[in-house]
Each structure stands twice: as C-alpha cells, then as structure tokens.
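Please look over the sequence and the structure shown here before reading on. The paragraphs below go with them.

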Amino acid sequence: MEEKNFEQNNMQENKQGKLKINVVDDKKGAGRKDRKAGDIVFYIVDYAFFIVFTLACLFPFYYLFINTISAPEFVGRGEINFIPRGFTLENYIALTSVSDLGRSVVVTIARTILGTALMVAASSFVGYLVTKEEMWHRKFWYRFLVITMYFNAGLIPWYLNMLMLGLTDSFAAYIIPGIVAPYNIILVKTYIESIPGELQESAFIDGASYMTVFRKIIWPLSKPILATIAIFGAVGNWNSFQDSLILMPNAVELHTLQHKLYVYLNQSTNLASVMNTGGTSSSVLNFAVNGKIVKYTISMVSIIPILCVYPFLQNYFEEGIMLGAVKG
Amino acid sequence: MAQQPIENEKEKMAPVFAADRILAFLGFFFLFIPGMNPARICEKISNKLSLFTSAVSYSSIVADMKQLFRYGNLNQGSFALLYAGAIVLALGIVVIGAGACISLGNQPMKRISIFVSLPGSVLSLIGLVLIFISHGQISADPNVGPMLPAGVILYTALAVVILVLNLILMVTVPKADSSVSMHMETKYQLFLMFLPFGMLAFVFSYLPLWGWRYSFFDYRSGGELSADNFVGFYWFKYLFENSATRRDIVTVLRNTLAMSGLGLLTSWVPLAFAVFLAEIHNKTFKRFVQTFTTIPNFISWVLVYTVALAIFSTEGFINTFAQARGWIDASTATNYLMGDSHTWLKMLAWGIWKGTGWSAIIYIAGISGIDQQLYEAATVDGAGRFQRMLHVTLPGLMPTYMVMLLLAVAGALSNGLDQYLVFSNASNLEHMQVLDLFVYKLGVEKGSIPLSTVIGMTKSIVSVVLFFVANSISKFVRGESIV
C-alpha cells in the first residue's frame, strides 16, 4: 500500500517536475515564442492533413448518396455536388424493376448469413481444439492449417479443383470452401490461450467433457473474438465477387450483388435495357434516362449495410488485428 | 491378470487395424478424385466427375446425354442403376471410414468397429456390382463409348481387402469383456473431432495442387489427360520461345514488379499516418478520423470503381463541378479513368486511399503500447516533438514495420485480381496487366489452361520461396520468425 502511494507521489512529482522543466525551457528567452508558434503550425498542419484525408474517404460516399436521393433532373444536369436538391426516393423504388437484382440481393444475404455462421462455428471449435496439447500430433495439424495461408495453387488449379468437386454453378461453392479459415482459427486460438487455464482445468476435474468445456466456458468467454471474425467473414462474404465471376458461368441466378454491379458498370449500353419497362410510369422512365443514377443507386444499396454496421463494431477490429499480429 | 491375453492380442492385431485405417482413408480420398471414379462407365460421362459428385447428383452424370436419350435407344434405366450403385458405394465407403474411426478406441470399440466395417465393405461391393450391371447394359451401345474405368478395379480391390482384413479381425480379436466400458484415448478423441475440418482444408487448399499436372499436358477444355497428350516441359519452353508470349510476360512482370515496388516504397505511409495521428490529443477527433479512414477497406474493389466513376468520369463530380463554374465546357470534359497516363500512380493512389487507415491500426495500437516514461525521459533530456518521434516512437514500431515489409516482399508477385480487373480497360491494359490479371484472362477468358497453370504454378513457387527467404531474414535479423 505504502509503496504504491509512494510511487504515485513520485509520479506526481515527476509531472510537476516536467511542468517545471517546461517552464524553465520556455523561459529560456528567445526560444519561447518560436516554439509556441512551431507547435501551432504543427497542429494546424497535422489537423488539416487528417481532416483532408478523412474527407477524401468520406466525400465520395456522401456524393453518391446525395445523387441518389435528389431529383433526376438536377442530377442529369450535374447540379448535385454538395447539397441534395428535390428530395426523392424514386431511384430506390425504381430499383425493384431492375431485373434479377432482387434475387442477387437474396443470394448475397443468404451466403453472408450462412457462410459467416458456419465459418464462426468452425473457427471457434477448431481454434479450441488446436489449443489442446493432448491432441494426436497437434503441432503437425496446426501447421497443416496455417501453411495454407502462405501458398495457393493458383487461380486455374483452384478453378479446376472446384470443377472436379462439382461445385461450379452451385450455391454450395459460396459456403463450403470458406468454412475452414486459417487466419480466423489463429485469432481464436490466440484468444483462447489468453483465457486463464484454471477455468478449464477446474471444469475438467469436475468431470466435464471437452464439448461441455467448449460450450459452457470457451464459447461464452471468447465472444469478443468471435464477433470480430464474424464481422471479417460477413464483410468478406458481402463483398466477394471473384467466386461468383469465375465459378458461376451458367448459373446467372446465383450471381452475387457485387458481380451484378460489376456487370452493370461494364455495360456500355444504356441501363434501360436491364429494366422491365413494360409500364411507362414516369419514375421508371426518368430513372432509365440516367444510367449513372442506376449505378450509383445499386452501389449505395450494397454500401449502406456496411456503413450502417461499421462504426459500432470498430472496437472489435482493433482487437482482432492486434491478436493477429501476435505470432500464430 | 485376466486382461493380459486380450492386451497381447490387441498388440498383435495393431498392424491389421492400421492397414484397415489406411485403406479406409484411401477409399475416402479417392471419392473426390475424378480419375478414380468407378462410375465413369462410358466416355459420355464427364471425366471431371468424382465418385462423390456422381453419388450426389444424377444430373451431373447424364449432363451430356440429353441428345442420346431423346433420339436413341439409350436406356435411362441403366443410368438410374448406375446412380444407385454410386450412392451405395459412396455410402459403403463412408461406413468403412466410420468403422476406421471407431477402431481408434479401446477393446470394446475395436470390436464394434469390425462390425461396422464389415457391412460397409459388403455395401461397397453391392454398389460395385450395380455399377457393373449397368456397365453391362450399356456396353452394347457404341455411341456412348463404354469403358470399364480403373476406379472399378481399384475399389473392388479395396473393398475385398477390407472385407478380408475385418474377417480376420473378427476371428482373432476376442469378444470384449462386458465389464469394460467403451472408451477412446483423449488424443484420438480430439483428433477425430479435428478430422472433418482437416479434410476440408485438405480438399480446398491442398487438393488444387493436383491441378498442376495440367501444365505438362496439351489439354483443351473438355479433353482428357493421357499419355498421348503428355508434352513434358513444352509449355515452360513455349513461354520463352514464343516471341508474342515472351513479350507479354515481360510486360506483365514489369507491371507486377512496378506495382509491388511502388507499394513497398510507400509502405511507410500507414506508419507515418499513425505517428502523426498520435500527436493529436483530442480523443473525439482521433476516433472520428480512425472510424472514417478505415471504411474504404471494407468496401469491395467494384464499389471503389463506382466511387471512381462518380468522381472522375466524364459525368462525375470533378467534370460537372468544373463545368458549373465555367472552368471547362462540356466538350472538354475528361474521363480520367480512360487513357493510360500515370496508370501505376493512379492504382497506387487507390491502394493508399483504400488501405492506409486500416493498415495504420496496427501501428496505432503499437504506439499505445510504448512506455510513456520513455517519452517523459526524452522530454527531460530536451528532445523536441520530432526528436521524440524519431528516437522513441519509430524504434518502438520498427519490429512491426519490418514484419509487414517482409510479408509485402513475400507477396510481391500477388497484386490481387480485383483491383486490376475492375479498373482495366482497352486503353490502359498495357500498364494494368499484372500477373494475376494475366492468368485470369489467359485461363478463364481464353481457356488456355496449361499455359495459365504454368504461370500460376511458377508464381506460387516463387512466392513460397520468397516467403521463406523473408522468414529466414527475419530470423537472422530479429531472432524471430514471422510464422
């Protein structure tokens, strides 16, 4: 107790000492004003840099957004640059008439939920198993998993393999290959190792099985890291388009949202062609005139879910990336 | 004492159980290898079909036979029989596998495993008989090109041997003492729990390596790999001897190394970002910056391209803004995404825009881990702001930076496909085509499978070597390996 107090006192003294030194420093005549000025300049430059960088990261999304909620006639004349005008949700409503878009949204949501859930379940379980020294050749099996992060056979062999397994043009191709995710397993393993071992030991002494310990102790305690990998997984699934592009040549109904967007972006023709313009409602016509609004609106639809969940989950990312930095 | 003979017996039979397990594993493994598919009883069945796929989907078996069914004398029933045979065989193999797993347990469990493996091998044999019958039915029809695949012989041999082994075991392994309860050693229990995931990793990460064999054959899509079209190192030589390909490769390597080189040269940007952000003491502002600069990392390259369109295309922000001010008129509007000026720098800029905030997190966390007393001591010694950065913060972050740099070196040949795929167009391809994009275009779009496999394979091997070099450097310099 006393020692601690002493330390605290000491620290306070240190602080005071530092202050004094600063004062002394500042009093050293001519240096004082320069230094103050230098500090101010530094802060101005520093703040300005970060404000500009942050705006550069934010503005494009804002720009896309205001263009999608403004009246098409203003957007068509390029008048929407900073402030939305003529608020309307017509663009979003008209999106429902873009053929196949609804289905790709459903496919993307389904793969995001299913793929993430299975990946998290598998990673937590495998991450737990590889912490168990007793496992038969544990070291070998753990390396067997980890090594896969550092090599891959290449795009074409990967494709041929999927073809061989019959996973082309099938929804399973989105889910099954992603179940075992080595990086996430490392994260979970590292996290579980940081949980005091006594908790498990006492449970084993009480006769609990490995599964019980996993369900009752490990699973609840490792929720933060599971949340982290769930976010990684969900974002990855939501954004993925390579597998859709390469593995689904014939199953157009299974294309993901990003793939659809990629196709639309590359369409040189007016996007009116993808609309079911059977009716001549003015909103659909207006919408069709402005191909770029369609692109913007579809983009917003696929960005908004990420923007919505993102800020709340940011704390988890930092934790996750730090754990990943620890040696596997 | 009564246990003694049983224990002895168990020891004696251990090699037989081990052989049984290895065979069971082989049987399971060949389930996924198309070359070993016993259900491919005619040439009309795709040679890319594994037994597993054949047993899962009937439509994959008869995919190429719709014509024959429509016009001909081909009996659909034979293929239904084939399908049933494939299912029974696959089921039998799975049962054998389950038996092999159970045999890792103690005496009573071993006994049970025998009575699982036995019916499993019988089931497999029944499946093989069904396949054989359907082969007999279609063998009269030359249109489908009937054949007896190697897989039938292989699986028959496997099933018979497993059957015999288990019959021997049934006779020699005595009945278990009913007082001994079933039990399996912990190490095997844990291993069996791990096994399904290990298999998934194997199937999706190791099995693709099997595809490397395509680089030694003159393969065309839909064709076969056989001794006839084995060409040895032809494609490797072709890469260098064909002048058009050689020119392509040189361009592609130039682009790849240029992009990676620029990435390495700017790898200090996230570090600087973190260091200068640490100088800001307003917590809310810091949080704000961190939150919003990491967002670009979480959107796909397709969306980055939309963003690029929205800002830089002819009808994007910059052009419309300048037009509205009368700085330019509509006819001089430039699409900054077309054209081939400063392509590398533009791609680098997008990479920095997308990645800096995210990469900086690790350094920000690193800075918060540096002992505050070091800063205080430095201040006492009269170090200014920049001196503190240089002599306290940077040395503290160096180990992390070195790891990141080495990993970047190891990944120098992998620029990723997405970014270059979405940003490339006819006008800038010359500077945009990196290895990953080149392989994609060659293999997927042009269907030149052997050549693209050769390139991908070389790339993978070089990358692995680079990684190990980087790892050794790390071991040598820091006394710590990356992995």
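What follows goes from the interface between the chains to the packing of helices within one chain.

This is a predicted model, in which local features need pLDDT of at least 70 and side-chain atom pairs count only at pLDDT 80 or more, while totals for chains, interfaces and linings use all residues. Residues are numbered from 1 along each chain as its sequence is written, chains are lettered from A and ligands numbered from 1 in the order in which they are written, and side-chain values use heavy atoms, with hydrogens and water left out.

Begin with the two chains together. Contact (heavy atoms within 4.5 Å) involves 92 residues of chain A and 98 residues of chain B. The size of an interface is often given as the accessible area lost when the parts come together. Here chain A and chain B bury about 8,700 Å² between them, 77% of it on carbon and sulfur atoms; buried area is the accessible area (1.4 Å probe) that two parts lose on being put together, summed over both.

How many salt bridges are found across the interface of chain A and chain B? The rule, a side-chain nitrogen of Lys or Arg within 4 Å of a carboxyl oxygen of Asp or Glu, finds 1 there. In it, R385(B) pairs with D39(A), and the closest N and O atoms are 2.9 Å apart. Over all chains, the whole structure has 7 salt bridges. The pair that crosses between chains runs from helix α17 (residues 385-410) of chain B to helix α2 (residues 31-68) of chain A. Helices are DSSP runs (H or I, at least four residues), numbered from the N terminus.

Helix α17 of chain B also packs within its own chain. Its axis and that of helix α16 (residues 372-380) of chain B come within 10 Å and cross at roughly 145°. Axes are lines fitted to C-alpha atoms, for helices over the stretch in contact, and angles run from 0 to 180 degrees between N-to-C directions. Residues L374(B), Y375(B), A378(B) and T379(B) of α16(B) meet R388(B), V392(B) and T393(B) of α17(B).

Earlier in chain B, helix α5 (residues 76-102) and helix α6 (residues 107-138) pack at an angle of about 165°, with their axes 7 Å apart. α5(B) and α6(B) are therefore roughly antiparallel to each other, a term for angles over 145 degrees.

α6(B) also packs against helix α7 (residues 150-172) of chain B, at an angle of about 150° and with the axes 9 Å apart. α6(B) and α7(B) are therefore roughly antiparallel to each other. Among the residues that meet are F115(B) and L118(B) in α6(B), and Y155(B) and L163(B) in α7(B).

Technical notes: Helices (H or I, at least four residues) and strands (E, at least two) are DSSP runs, numbered from the N terminus. Angles under 35 degrees count as roughly parallel, over 145 as roughly antiparallel, 65 to 115 as roughly perpendicular and the rest as oblique.
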